[in-house]
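Trainee: Got a minute to go through this one with me? I'd like to know what stands behind each label we use.

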Amino acid sequence: MPGFEIFGDEERKEVADVLETGVLFRYGFEGTRNGHFKALEFEKKLAEITGSNYSHLCSSGTAALCTALTACGIGAGDEVIVPPFTFVATFEAVLNAGAIPVFSEIDETLCLDPDRIKEVITDRTKAVIPVHMCGSMARIDEIKDVCRKKGLILLEDACQSLGASYQGKALGTFGLAGCFSFDAVKTVTCGEGGGIITDSKAVYEKADQFADHGHDHLGGPDRGADDHPIIGTNYRISELSAAVGLAQLNKLDQILDIQRKNKFAIKDAMADLPEVSFRYIPDAKGDSATFLSFFLPTQDRARQIAKNLAKNGAGSVYWYDNNWHYYKKWHHLAQMKCSARLAVELSDNLPDYKNLVLKDADTIMKKTISMQIMLSWTKADIEKRIQAIMKSFKE
Ligand SMILES: *Cc1c(COP(=O)(O)O)cnc(C)c1O
């Protein structure tokens, strides 16, 4: 999965361009930047790769989510439906927008279940944020349908799924906007960074302004002459980060090829294990293959297999016990330990996070194991790993 495994001369060259001029800022400095606009170039490429009209980079995937929420008009008091299996950033962004995360069930895609969304829709529901977890997709066309029928905004958290698609269409392009992360462990990394894609000019313009203190970027070379149509913040990416990301993005096809080859070698080898069934992937061709996720018959067996895999040198993730990706361990959310007083604390419709129970998600996550697929594995590494897996299932 991680782009950091293939960091090389291409990244160094892009960074050297920036270091040569010393212009680390994405805006202005036309006289001294020697024609280098790394953030702008990265954005063009991201829009092109995903088939979107617009893209805007931010300082992180979390910043991209916060910016996208604002740009889509989601804010104070709005309820936003999110999955209980995601990285904490998804609900953090919703809370920081002043909105209220409302959790809904997942299915065997490990993403939001479109059939269950309506159970949590109220007259305050404004948006749905499906999260395409671990490199693969939700039943996104069906989620899109629910949103259309109920008049809800669809915003995709595709932070873990750059390069993945559903029926030939990039994840992140099914709703009003989509977000990616380029943090240190994502498919493409630039250290810290994130991106928003959208086909809406209005959403793009608001994102572009919000992430840069409200600047309309119409003042020409003098930033002081820009007007400020909205109040914003600073979620800008630096040219240094963008330079790394640009080089990485140019390697995306290569990354996907390797991931898919490595994943399928292992998946094929596991196909005959009677205890194993695989995560449901609505369009296998569009899987970016960053993880191989599978189900065991019971929670006890899943825990045992995860333990065996670790012991035998084929580490995996048992998400149900993980502090960061599953709601059972989000004690800070349960107790609403907000770092600042947020609008939601004053809300009269705050869900009872402390007593949140998502039975179907629990049933699924208790028996789920994921293995991260690495780019640097050699043929021999993969062979060794397969042997370790086989051994783990015999114990
Ligand atoms: C990584 C991640 C984010 C946040 O990205 P950062 O760049 O680390 O802020 C958001 N959502 C999901 C699902 C992620 O995995």
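Mentor: Sure, and let's start at the ligand, keeping in mind that this is a predicted model. A nitrogen atom of the ligand is 2.9 Å from an N or O atom in the side chain of aspartate 157. The protein covers 93% of the 380 Å² of accessible area that the ligand has on its own.

Trainee: Which elements give two or more residues to the shell around the ligand?

Mentor: Helix H3 (61-71) and helix H4 (89-96) do. H3 has the largest share, with three residues.

Trainee: And which residues come nearest to the ligand?

Mentor: Of the 16 around the ligand, those are Gly61, Thr62, Ser181, Asp183 and Lys186. For glycine 61, a backbone N or O atom lies 2.7 Å from a ligand oxygen. With threonine 62 the side chain takes part: one of its N or O atoms is 2.5 Å from an oxygen atom of the ligand.

Trainee: What makes H4 mostly covered?

Mentor: Six of its eight residues are buried, namely Ala89, Thr90, Phe91, Ala93, Val94 and Leu95. Their cover includes H3, strand S2 (79-82), strand S3 (100-103), strand S5 (153-157) and helix H10 (331-334). Just after H4, glycine 98 has a positive phi of about 85 degrees.

Trainee: Now arginine 301, in helix H9 (residues 299-311). Why does arginine 301 count as buried?

Mentor: Its relative accessibility is 18%, and buried means under 20%. So arginine 301 counts as buried.

Trainee: What does the side chain of arginine 301 make a polar contact with?

Mentor: With the side chain of glutamate 275, at 2.6 Å. The limit for such a pair of N or O atoms is 3.5 Å. Not counting residues up to four places away in sequence, arginine 301 touches Glu275, Leu296, Ser392, Phe393 and Glu395.

Trainee: Serine 55 sits in strand S1 (residues 54-58). Is serine 55 buried or exposed?

Mentor: Buried, because its relative accessibility is 6% and the cut-off for buried is under 20%. The side chain of serine 55 reaches the backbone oxygen of glutamate 43 at 3.1 Å. Leaving aside neighbours within four places in sequence, the contacts of serine 55 are Glu43, Leu46, Ala47, Ile196, Ile197 and Tyr204.

Trainee: On to the rings. How many aromatic pairs does the structure hold?

Mentor: There are 16 aromatic pairs. Take tyrosine 326 and tyrosine 327, with ring centres 4.9 Å apart and planes at 70 degrees.

Trainee: Why is that pair edge-to-face?

Mentor: Centres have to lie within 6.5 Å to pair, and planes over 60 degrees apart count as edge-to-face. The planes of tyrosine 326 and tyrosine 327 are at 70 degrees, so the pair is edge-to-face. Both tyrosine 326 and tyrosine 327 are buried.

Trainee: Which residues form one aromatic cluster?

Mentor: Phe91, Phe103, Trp330 and Tyr353 do. Phe91 is also one of the buried residues of H4.

Trainee: How do you know that the charged end of arginine 33 sits over the ring of phenylalanine 37?

Mentor: The charged end is 4.2 Å from the ring centre, and the rule asks for within 6 Å and within 35 degrees of the ring normal. Lysine 169 likewise lies over the face of phenylalanine 174, at 5.2 Å from the ring centre.

Key: Residues numbered from 1 in each chain as written. Predicted model: local features only at pLDDT ≥ 70, side-chain atom pairs only at ≥ 80, totals over all residues. Heavy atoms only, no water. Helix = DSSP H or I, 4+ residues; strand = E, 2+ residues; numbered from the N terminus. Buried < 20%, exposed > 50% of the residue type's maximum accessible area, 1.4 Å probe, protein only. Polar contact = N/O pair within 3.5 Å; in protein donor to acceptor, adjacent residues only side chain to side chain. Contact = heavy atoms within 4.5 Å. Phe/Tyr/Trp six-rings, centres within 6.5 Å; stacked < 30°, edge-to-face > 60°. Near = heavy atom within 4 Å. Areas by Shrake-Rupley, 256 points an atom, 1.4 Å probe, with all protein chains shown as cover.
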